[in-house]
Each structure stands twice: as structure tokens, then as C-alpha cells.
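Biologist: I've got a structure to go through, and I'd like to know what stands behind each label. Can you walk me through it?

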Amino acid sequence: MLTADDKKLIQQVWEKVFSRQDDLGAEALERMFITYPQTKTYFPHFDLHHGSDQIRSHGKKVVSALGSAVKSLDNLSQALSELSNLHAYNLRVDPTHFALQLLSQCFQVVLAVHLGNDYTPEVHAAFDKFMSAVAAVLAEKYR
Amino acid sequence: MVHWSAEEKQLIASVWSKVNVEECGAEALARLLIVYPWTQRFFSSFGNLSSPTAIIGNPKVRAHGKKVLTSFGEAVKNLDNIKVTYAKLSELHCEKLHVDPENFRLLGDILIIVLASHFARDFTPACQFAWQKLVGVVAHALARKYH
């Protein structure tokens, strides 16, 4: 459960990286494809080379969705409802060893790379909870 | 047996050579207890774990973190023999410590994030790949003797 303190920390972190958002999205995706090659199976139609336009643009999409989630921490279910439908009925990314957990790890690595010591244990905990909550909502309608 | 490419071995060794085992170990264990508070169940004898500040400053956490990461160093030194290296520790974690192996995966992921925050851009995607592979192999070796 996201506490009030968690929500504050999440929003603060998001503000800190706001200007670099688009880079972060692409970087997280790239790390995910390199670190967990099995995630590439969901993107056979993509050019997955470093710096690819498709990765950049998809990274932007993902980050923008996360940004909406950050603005709606009190109602993630509603804010992500469309995406939840998409993942359940269309994309069907494996929810058990959820590829989304892998993206969460990579997203946090990117934040840690960019924020260094500012990615404090408290921020880390809050963000990890947030990403778990997002993944849970996206998996809600799978069955 | 796990296959390590020359590049993976080099990336692992190069990051490890710059790691302050005491600091990094303490930080990784503290973060495990903070980010995944249920892991505190294994450390009821450690005293005050009531807040992130308490956990970070707790001398038992620091000491144990150092111990854990020092042991991790054995994997780095014996990449071609990790299963054997951790056979006894695996038995210990099963028979005496009763630790669900899922926790090894959690600690591994936390270690990666600690390395990323310390090394920033030097912790390249290729580095992350090699290290995630390593923490996965270590976790697997530690779970191997469970019965």
C-alpha cells in the first residue's frame, strides 16, 4: 500500500527526472532487452538496435503512462484502466514472472544511474512499491 | 556449468575491483530490509530495525552485509565453479537458516541497483547483463541443495 510519504517521494523523484524522461524510457527499455533477452520476444516487429527510433518512441510512451500513474497515485486502477485492458487482451505479456517486473528493475537501475545517492533507500522502497502497484493493475484483468 | 564469455568475465572483474565490499554490502542488506520489509523476519536478533534510518545505522546490519558481500566475492573469484563454491552455504540456508530462495533473487536485484547508483554511467547495459547473470547464478547455486 502506498503511504502518504511514499506518494510524496514518488512525485519528488518524478519531478527530478522530468526533463530527462524520454531518455530514461529508452534507456530502461534498452537495458531490459539486453539484460533479459526473453523480453525481446514481445517486440519481433521492432528494430532493437541501440538508439533505434522505435525504442525511443516506445520508451516515451511507457514513461508517459508512468507519468499519468504518478499523477493518479490515489487511483491507479482507473488511470491505467485502458492499459490494463490492452495488456490483458491484446499484449498478454507473461504476468507470472512478469516481464513488467523486469522492466521495473531496469527502470530503477536507470533512476539509480541518474540519481546516484539521491536514489536513497526510502525513494527506492517507494518506487519499487509504485512499480509493483502498476504491474498489479496491468495484470488485473488477465483472468 | 555456466558459460561465461570473456567479455562477461572482464565486466564482472572490473566492477568488482572497484567495489568497497564493506560499504556496498552494508547498503545492499540495509536496502533489502527497507525495500522488502518482510525480509526482516530472518533478523529478529539484530535489534532496532524500526525505520530506514535505524536499519542503515544498525551495526549488525552493516557487519552482516559485509559478510554476505564478502562471500559473494567467492563467486566472482570462482566463476567456473559457483555451484561447488556455495554447496555448504546452500545447505546452511536450507537446514539452519530456513531462508526461502526467493530472497536470494531479491537481494541480487538490490545489489544491482546499489552498483548502478555507485557507478552511474559506468554501469553500462552490458555490465548490468553480466551482473544480473551472476546474481542469478549465485541465487541458483544457493538454492541448489534445498530439500
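Modeller: Sure. This is a predicted model, so let's begin with confidence. Chain A has an average pLDDT of 92, and 98% of its residues score at least 70.

Biologist: Which elements of chain A have the lowest and the highest mean pLDDT?

Modeller: The lowest is helix α5 (residues 81-91), with a mean of 89. The highest is helix α3 (residues 53-71), at 95.

Biologist: And what about chain B, and the model's overall scores?

Modeller: Chain B averages 95, with 100% of residues scoring at least 70. The model's ipTM is 0.80 and its pTM is 0.87.

Biologist: What makes α3(A) roughly perpendicular to α7(A)?

Modeller: Look at the crossing angle. The axes of α3(A) and helix α7 (residues 121-139) of chain A cross at roughly 105° and come within 11 Å. Roughly perpendicular covers 65 to 115 degrees, so α3(A) and α7(A) earn the label. On the α3(A) side, A:Leu66, A:Ala69 and A:Val70 make the contact, while α7(A) brings A:Phe130, A:Met131 and A:Val134.

Biologist: Why is A:Gln108 called buried?

Modeller: The cut-off is under 20% relative accessible area. A:Gln108 has 0%, so it counts as buried. You'll find A:Gln108 in helix α6 of chain A. Setting aside residues up to four places away in sequence, A:Gln108 touches A:Tyr119, A:His124, A:Phe127, A:Asp128 and, from the other chain, B:Ile113.

Biologist: How do you know that B:Gln128 is buried?

Modeller: B:Gln128 has a relative accessible area of 0%, and the limit is under 20%, so B:Gln128 is buried. B:Gln128 lies in helix α8 (residues 125-143) of chain B. With residues up to four places away left out, B:Gln128 touches A:Arg31, A:Thr35, A:Cys106 and A:Val109 on chain A, plus B:Ile112 and B:Phe123 on chain B.

Biologist: What makes B:Val15 buried?

Modeller: Its 4% relative accessibility falls under the 20% cut-off, so B:Val15 counts as buried. B:Val15 is in helix α1 (residues 6-17) of chain B. Beyond its neighbours within four places, B:Val15 is in contact with B:Leu115, B:Phe119, B:Cys127 and B:Trp131. From B:Val15 to B:Pro101, 86 residues along the chain, the C-alpha separation is 25 Å.

Biologist: Why does B:Leu106 count as buried?

Modeller: B:Leu106 has 9% relative accessibility and buried means under 20%, so the label fits. B:Leu106 sits in helix α7 (residues 102-119) of chain B. B:Leu32 is 74 residues from B:Leu106 in sequence, but their C-alpha atoms are 7.3 Å apart in space. B:Leu32 is also among the contacts of B:Leu106, together with B:Tyr36, B:Trp38 and B:Thr39.

Biologist: Which residues have the most contacts inside the largest nonpolar core?

Modeller: A:Phe127, A:Phe130, B:Phe72, B:Ile82, B:Trp131 and B:Leu134, in a core of 94 residues. Helix α6 (residues 99-115) of chain A supplies its largest share, eleven residues. Take B:Leu134: leaving aside neighbours within four places, B:Leu134 is in contact with B:Trp4, B:Ile12, B:Phe72, B:Ala75, B:Val76, B:Leu79 and B:Ile82.

Biologist: Which residues of chain B does the "domain: Globin" annotation cover?

Modeller: Residues 3-147, according to an unreviewed UniProt entry. Over that stretch chain B is 70% helix and 0% strand, with the end C-alpha atoms 26 Å apart.

Note on methods. Residues numbered from 1 in each chain as written. Chains lettered and ligands numbered in written order. Predicted model: local features only at pLDDT ≥ 70, side-chain atom pairs only at ≥ 80, totals over all residues. Heavy atoms only, no water. Core = buried A, V, L, I, M, F, W, Y, C linked by side-chain atoms within 4.5 Å. Buried < 20%, exposed > 50% of the residue type's maximum accessible area, 1.4 Å probe, protein only. Helix = DSSP H or I, 4+ residues; strand = E, 2+ residues; numbered from the N terminus. Contact = heavy atoms within 4.5 Å. pLDDT = per-residue confidence, 0-100. UniProt positions renumbered as here; feature names shortened; annotations may be inferred. Axes fitted to C-alpha atoms, helices over the stretch in contact; angles between N-to-C directions. Parallel < 35°, antiparallel > 145°, perpendicular 65-115°, else oblique.
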